[in-house]
Amino acid sequence: MKVIYLIRHGQASFGQADYDQLSPLGYEQSTLLGASLRSKEISFDHIEQGTLLRHQQTFLAALGDRTVTTNALWNEFDHRDITNQYLQVQGTKVDEFLQLSDADKLAHFARAILLWVDNNNDRLEYNETWMQFKARITQALTETIASTKSCALVFTSGGTISSVIGSAFNFTASQTLKLNLQLVNTGVTKILVSSNGINVSTINEYTHLEQKQNNKLITYK
């Protein structure tokens, strides 16, 4: 039996010109995560992170004294490309999009993701299609399992975690995307790997954020 813990990064900088930076709250979430992991005294023989800065910042704030392997296969889908393709279809400029409220940005982004998944527009050429993204995450998990003796920790993103869960449960694309919207920053998902295959043990556990009874610690961006 092998155990793989998938961790979503701390709160990033949604709505800003550069999303790929932890916010001050994201650093606090990551520090609380690290304290929780240490208190459980789980022995990790392998730790991985994506190449995105928010993955690395989350790892450093949580378990920065540990050795980590960087694996680009665990990177999130290219939200900039997906958004830009959608804005092109809508005839909206990027500057106009950035001036919208966070709520309006989220609404547009949700529609951009749906357009990416459906991809019925021949004019759109994404850097990575939905099916290519799913295949990449399957490869990422396969490689991590092979590199793990008994227990691994992966610092990654909501889209990648949702893809792993969706594949295990045979979710539709719509179900996978809905799950993605519910994953909390620094939430932990536990995957069990045995001769019987890959099973999801727990999803989106974030008790480390509830201990301070501060609802502001629970975020989804």
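**A buried asparagine and two packed helices**

Visitor: Is N185 buried or exposed?
Guide: Buried means under 20% relative accessible area and exposed over 50%, with partly exposed in between (1.4 Å probe, protein chains only). N185 has a relative accessibility of 0%, so it counts as buried.

Visitor: What kind of model is this?
Guide: Residues are numbered from 1 along each chain as its sequence is written, and side-chain values use heavy atoms, leaving out hydrogens and water. Local features need pLDDT of at least 70, side-chain atom pairs count only at pLDDT 80 or more, and totals for chains, interfaces and linings use all residues, since the model is predicted.

Visitor: Which residue has a side chain joined to that of N185 by a polar contact?
Guide: N185 lies in the loop between helix 8 and strand 5 (DSSP runs numbered from the N terminus: helices H or I, at least four residues; strands E, at least two). A polar atom of its side chain is 3.3 Å from the backbone nitrogen of Y220. At 2.6 Å, the side-chain polar contact (N or O atoms within 3.5 Å, one able to donate a hydrogen and the other to accept it) is with T219.

Visitor: At what angle do helix 6 and helix 7 pack?
Guide: The contact (heavy atoms within 4.5 Å) includes F133 and I137 of helix 6 and G159 and V164 of helix 7. The axes, lines fitted to C-alpha atoms over the stretch in contact, are 9 Å apart. The angle, on a scale from 0 to 180 degrees between N-to-C directions, is about 80°.
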